[in-house]
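Here is a short tour of one protein chain, written for someone who likes to check contacts by eye. Have your viewer ready and follow along.

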Amino acid sequence: MQAKSTVQLRPIKEDDLYALWEMSAKEEAPEWKKWDAPYYPYSPKTYKEFLKNKAYYLEPNRIKGIEVNNELIGIVSYYWEHEPSKWLEMGITIFKPSYWSGGYGTDALKQWMDMLFTEMPLVRVGFTTWSGNERMVKVGEKLGLTMEARIRKVRFYNDVYYDSIRMGILREDWEALN
């Protein structure tokens, strides 16, 4: 029996940038983009174009690499919806489909939420997804997030309207669960 893989979050290093580009921006139609806001336009980038955002990827507080068995498979990140009120939204993308539905995203997001609540004076942490990404909604539910908003039929993809879904958890609820 094989030992369970461990998920680690770590800063992205210069040495990771080429692999990250290959996973996230090189392909014409990457599989991950079908689930990560596919209603927004995507176009591949050359490595040189990708490196124009190098500072973003190397920002150790806002973005971390997701590593499993010493292999970079994706990223977690956050952005401010409204910084003065400490309204933060987080995100996750696992670029490699072979790591989908194996619990890696749940583990990574749990660690990321722990870090965010530990390192920042946040009252709430949340994310926004769409009803077509059922796996992301399930991850939120597994981690104790509440569906705070469901804006019906505002995401149009492949000639179908989907709902925008906002999920979140308050610090006191997170602490009670952990």
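## Salt bridges, starting with a partly exposed pair

Keep in mind as you look around that this is a predicted model. A good place to begin is E31, whose side chain forms a salt bridge with K34, with the closest N and O atoms 3.0 Å apart. E31 is partly exposed, at a relative accessible area of 33%, and K34 also counts as partly exposed, at 38%.

This pair belongs to a wider set: the count for the model comes to 13 salt bridges. Some of the charged side chains are joined into a network, in which E81, E89, R124, E148 and R166 are linked by salt bridges.

## Two pairs that link strands

Which residue forms a salt bridge with E67? The partner is R10, and the closest N and O atoms of the two are 2.5 Å apart. Because E67 sits in strand β2 (residues 63–68) and R10 in strand β1 (residues 7–10), the pair ties together parts that are 57 residues apart in sequence. Both ends of this bridge are covered: E67 is buried at 10% relative accessibility, and R10 is buried at 14%.

The next pair to visit is R150 and D163, whose side chains meet in a salt bridge with an N to O distance of 2.6 Å. R150 is in strand β6 (residues 146–157) and D163 in strand β7 (residues 160–170), so to speak two distant parts of the chain, 13 residues apart, linked by this pair. Here the two ends are not alike in exposure: R150 is partly exposed, with a relative accessible area of 43%, whereas D163 counts as buried at 12%.## Strand β2 and its neighbours

Back to the strand that holds E67. Is β2 mostly covered or mostly open? It is mostly covered, with six of its six residues buried. The cover extends to both faces, with I63, G65 and E67 buried on one side and K64, I66 and V68 buried on the other.

On one hand, β2 pairs with β1 in the antiparallel sense over four bridges, and I66 of β2 is the bridge partner of L9. On the other, six bridges join β2 to strand β3 (residues 71–82), and these two strands also run antiparallel. I66 stands opposite G74 in β3. The connection between β2 and β3 is a hairpin with two residues between the strands, and N69 in the turn has a positive phi of about 50°.

## The nonpolar core

I66 turns up again in the interior. The largest nonpolar core has 47 residues, and I66 is among the five that touch the most other members, along with L20, M90, L109 and L116. Helix α4 (residues 104–119) gives this core its largest share, seven residues. As general background, nonpolar side chains in soluble globular proteins tend to be buried together.

L116 is worth selecting in your viewer. Leaving aside neighbours within four places in sequence, L116 is in contact with Y78, L88, M90, L122 and V125.

## A buried tyrosine in a loop

Finally, look for Y99, which is found in the loop between β4 (87–94) and α4. Y99 is buried, because its relative accessible area is 13%, under the 20% cut-off.

What does Y99 touch, not counting residues up to four places away in sequence? The list is V68, E71, I73, I94 and Y104. The C-alpha atoms of Y99 and G74 are separated by 9.5 Å, and the two residues are 25 apart along the chain.

Methods
Residues numbered from 1 in each chain as written. Predicted model: local features only at pLDDT ≥ 70, side-chain atom pairs only at ≥ 80, totals over all residues. Heavy atoms only, no water. Salt bridge = Lys/Arg side-chain N within 4 Å of Asp/Glu carboxyl O. Buried < 20%, exposed > 50% of the residue type's maximum accessible area, 1.4 Å probe, protein only. Pairing = 2+ DSSP bridges. Core = buried A, V, L, I, M, F, W, Y, C linked by side-chain atoms within 4.5 Å. Contact = heavy atoms within 4.5 Å.
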